[in-house]
Amino acid sequence: MALSATPGKASVVLGAQWGDGKLVDILAANADICARCAGGNNAGHTIVANIDGKKTKFDFHLLPSGLVNPECTAFIGNGVVVHVPSFFQELDTLISKGLNCDGRLFVSDRAHLVFDFHQIVDGLKEVELGGSSIGTTKKGIGPAYSSKSSRSGLRVHHLFDEEAFAAKFRKLVEGRFKRYGHFEYDTEGEIVRYKELAKRLKPFVVDGPSFIHNALANNKRILVEGANALMLDLDFGTYPYVTSSATGIGGVCTGLGLPPRAIGETIGVIKAYTTRVGAGPFPTEQLNKIGEHLQEVGAEFGVTTGRRRRCGWLDLVVMKYSNLINGYTSLNLTKLDVLDDLETIQVGVAYHLDGKPLDAFFPADLDTVARVEVQYVELPGWKQSIQEVKRWEDLPKACQEYVEYIEKFLGVPIEYIGTGPARESMIVRKKN
């Protein structure tokens, strides 16, 4: 499956709801560079690839999943927050499974660092919130972005001035002690630990803007891998039940140092139903046998946390809003096969409140979102397996009609259709 990238432009894959999928892995097979622009090791998905003739499972959290392509270079941009021990733990695991990553993994010197004390603070903040818990992954991502925003954080380049790093690190930890009380943490031991980690990390570190713009100038095929999806965006998601970074198209620009004109195609990844992990309102959630079916058949568990994902019908109100923000040039509809056994399928097409249609694309106020009455359209199911189908023309008529309904409603072509869990279970349709 070719990456239809324009020379000198970056192709972007973004989660359009509350999660993403396997498309990056597939497109990365033809990419020269796969870049991460936001989030940290709180993202995650599993990829099964052939290594030396054997199917091997790889879990990606912080590292760009394009690494499964031995010809692809992976780049972690300045918008990502990096927990260095996790960086090496993940890298060592990939190498132990036969993946050769030599000379093809780089980190921006402007990326901010996540420390173990950030992870401790993450848990303390959740305790502080009590019944209003956000449902964080406890990876320290939010507290690291807080340090960044308060201009007290440490970046990758700070690691290479030992004396200055130690002074700044002590000051940063002391600030957290003042805020949360003196929790157990070996500050001096961490300084020693990071002295060694810095030595190991140095060969991976590059000047981020120079790296990405040199790639553009040399017409490299660049694939940008989003993380966490639009409805978890700090500005446009279901705040405060969101992540701590810009997960939409704006985060691609700021997280890699790309001007808008450098972005080519923007592909939104949308499940054939809706899922989310963690707390927050979810208008089309199905707390019934339908929800259980979607969860069990779709194997809906978070890769990073192992948490059960909440499931519901496809919400086209969310998708219309998502497209408004990100401006998708095409869509990847995933997990269509999970609907194979259903007699009828519902699609959320509008929100009403107190019997009247809502004017907002998607309400900012979560109390309003929690109260909306979803208006559904019911479509017939196709009641047969599509997992072996390789061509659009061979899909059941009702299945085609479901895809076309989504496409027409959103006004965006569905270019890729996921028909099963296997890597090759993807139908490619040409955009009109």
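This short presentation covers the domains, the nonpolar cores and some salt bridges of a predicted model.

Let me begin with the overall division. The protein chain falls into domain 1 (8-108 + 204-264), domain 2 (110-199) and domain 3 (269-426). Between the C-alpha centres of domain 2 and domain 3 the distance is 37 Å.

I turn now to the interior. The largest nonpolar core contains 59 residues, and F75, V252, L336, L339, W382, Y402 and I406 have the most contacts inside it. Helix α12 (residues 397-410) supplies the largest share of this core, 6 residues. Because domain 1 and domain 3 both give residues to this core, it lies between them. A second, separate core has 44 residues, including V80, F117, V121 and A198.

Next, the salt bridges, which number 19. One of them joins the side chains of D92 and R200, at 2.7 Å from N to O. This pair links distant parts of the chain, with D92 in helix α2, R200 in helix α6, and their positions 108 residues apart. E300 and K271 also form a salt bridge, at 2.9 Å from N to O. E300 sits in the loop between α9 and β13 and K271 in strand β11, so this pair ties together parts that are 29 residues apart in sequence. Both E300 and K271 are buried.

Within helix α12, E401 and K397 lie 4 residues apart, about one turn of the helix. Their closest N and O atoms are 2.4 Å apart in a salt bridge. K397 counts as exposed, at 61% relative accessibility. Salt bridges with shared partners also join K271, E300, R309 and K335 into one network.

Finally, the unreviewed UniProt entry carries a "binding site" annotation that covers V303, T304, T305, G306, R307, R308 and R309. Of these, R307 is found in the loop between α9 (289-297) and β13 (310-312).

Definitions and conventions
Residues are numbered from 1 along each chain as its sequence is written. This is a predicted model: local features need pLDDT of at least 70, side-chain atom pairs count only at pLDDT 80 or more; totals for chains, interfaces and linings use all residues. Side-chain values use heavy atoms; hydrogens and water are left out. Domain bounds come from an automatic or database domain assignment. A nonpolar core is a set of buried Ala, Val, Leu, Ile, Met, Phe, Trp, Tyr and Cys residues joined through side-chain atoms within 4.5 Å. Buried means under 20% relative accessible area, exposed over 50%, partly exposed in between (1.4 Å probe, protein chains only). Helices (H or I, at least four residues) and strands (E, at least two) are DSSP runs, numbered from the N terminus. UniProt positions are given in the numbering used here, feature names are shortened, and annotations may be inferred rather than shown by experiment. A salt bridge is a side-chain nitrogen of Lys or Arg within 4 Å of a carboxyl oxygen of Asp or Glu.
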